Amino acid sequence: MKITIVIQTVVMLFIAATACGSKEGDPPHKGDPNTYKNPVINQSLPDPTVIKASDGYFYLYATEDTRNVPVYRSKNLVDWAPVGTAFTEATRPTFEPKGGVWAPDINYIGDKYVLYYAMSVWGGEHTCGIGVATSNSPQGGFTDLGKLFRSDEIGVQNSIDPFYIEEGGKKYLFWGSFRGIYAIELSDDGLSVKKDAVKQPIAGTAYEGVYVHKRGKYYYLFASIGTCCNGLSSTYTTVVGRSEQLLGPYLDKEGRAMLENHHQVLIHKNARFVGTGHNSEIITDDAGEDWILYHAVFVENPKGRVLLLDNVKWEDDWPVIATQSPSLISKRPIFKQK
């Protein structure tokens, strides 16, 4: 009987140990080298955006620290190391003097790394806005070029969460947060709003954190619904709709419009993670598999919003995450060393 109890205890301790996420500063996963464990970074890095640079590294930017935008890099989307911040106290944007720099969006346009960002104080829905900065290097430092527009100038309350995309020789910025999602055409260099451009409504008032991905004949509009920032009570959920045109209409599987707040759920909470949302760009690995980074509140470490990674499959031309919720341990992305 005692032997049985000892064995059961050992088994339970083993299960508990293998179920735990990595602590800050530890490698993401010390077990099978072909797998990884979520979170891939166990510290607060909300609203991730990622780009692969010419040096072969992926560079990731996030909201925190809210002042200067942290920058991490990785060869494989799993093992990340901090390399600095996009801005310093001397170079950070100032058009909202007491505001934080939120929800960056990184791109390579022309011969520059171009970082779009939102700037706001909490609750400052009429004075917040979107700006742009450039750098010769993905590590920074970025030179701030100032605001593109503020909420009260563009006529869209809560103008945050920018996303940039090129299509048909034109450049567009998508943005918005629970007051409607909009798009507007940018100048040829992407550094200002095109003269006489008119904003266009894209999706309804349920959404923020928009990202658009082109695959085959469809554009997929990813967004977040619910509350992002209430700790373990956060209800953030990642959703998606699709369209055959960049500017919509975006529809759910039943043909209902995102302009009327209809969508498909992509990622929702589970027992380990809640508040799953604000995803990055989709990255394709060398095996042709698609991957998505996003943030969530970790039940075991509920301070802030940690960084998660998951594989995206496609079924009937719709994106699918296994179990519609964050994975715990998964097969790693495949990137050949060069």
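**Pockets, a cavity and Asn 76 in a predicted model**

Guide: In this predicted model, the second largest pocket has a volume of about 310 Å³. Of its 19 lining residues, Asn 107, Phe 163, Tyr 164, Tyr 211 and Glu 281 are the closest to its centre.

Visitor: Which elements give two or more residues to that lining?

Guide: They are β2 (49–52), β6 (100–109), β10 (163–167), β14 (208–215) and β19 (282–284). The largest share, 5 residues, comes from β10.

Visitor: How do the residues of this lining divide into nonpolar, polar and charged?

Guide: The division is 12 nonpolar, 2 polar and 5 charged. Phe and Tyr count as nonpolar and Glu as charged, so Phe 163, Tyr 164 and Tyr 211 belong to the nonpolar group and Glu 281 to the charged group.

Visitor: What volume does the largest pocket have, and which residues are the closest to its centre?

Guide: The largest pocket holds about 510 Å³ of space. It is lined by 26 residues, and the closest to its centre are Trp 102, Trp 122, Glu 208, Cys 228 and Cys 229. The lining comprises 8 nonpolar, 11 polar and 7 charged residues.

Visitor: How many cavities of 30 Å³ or more are there, and what makes a space a cavity?

Guide: The count is 1 cavity, with a volume of about 110 Å³. A space is called a cavity because a 1.4 Å probe fits there but cannot get out, whereas a pocket is open.

Visitor: Which residues and elements line the largest cavity?

Guide: Of its 15 lining residues, Asp 105, Pro 162, Val 210, His 278 and Asn 279 are the closest to the centre. Two or more residues come from each of β6 and β14. By class, the lining has 7 nonpolar, 5 polar and 3 charged residues.

Visitor: Turning to Asn 76, why is this residue called buried?

Guide: Asn 76 has a relative accessibility of 17%. Buried means under 20%, and therefore Asn 76 counts as buried. Its place is in the loop between β4 (70–74) and β5 (81–85).

Visitor: What makes the pairing of the Asn 76 and Asp 79 side chains a polar contact?

Guide: The two side chains are paired at 2.8 Å. The cut-off for a pair of N or O atoms is 3.5 Å, so this distance satisfies the limit.

Visitor: Which residues is Asn 76 in contact with, leaving aside its neighbours within four places in sequence?

Guide: Asn 76 is in contact with Phe 58, Arg 332, Pro 333 and Phe 335.

Conventions:
Residues numbered from 1 in each chain as written. Predicted model: local features only at pLDDT ≥ 70, side-chain atom pairs only at ≥ 80, totals over all residues. Heavy atoms only, no water. 1 Å grid on protein atoms, 1.4 Å probe; cavity = no way out; pocket = protein on both sides within 12 Å on 5 of 7 lines; lining within 4 Å. Points joined across faces, edges and corners; volume = space filled by probe spheres on them. Helix = DSSP H or I, 4+ residues; strand = E, 2+ residues; numbered from the N terminus. Buried < 20%, exposed > 50% of the residue type's maximum accessible area, 1.4 Å probe, protein only. Polar contact = N/O pair within 3.5 Å; in protein donor to acceptor, adjacent residues only side chain to side chain. Contact = heavy atoms within 4.5 Å.
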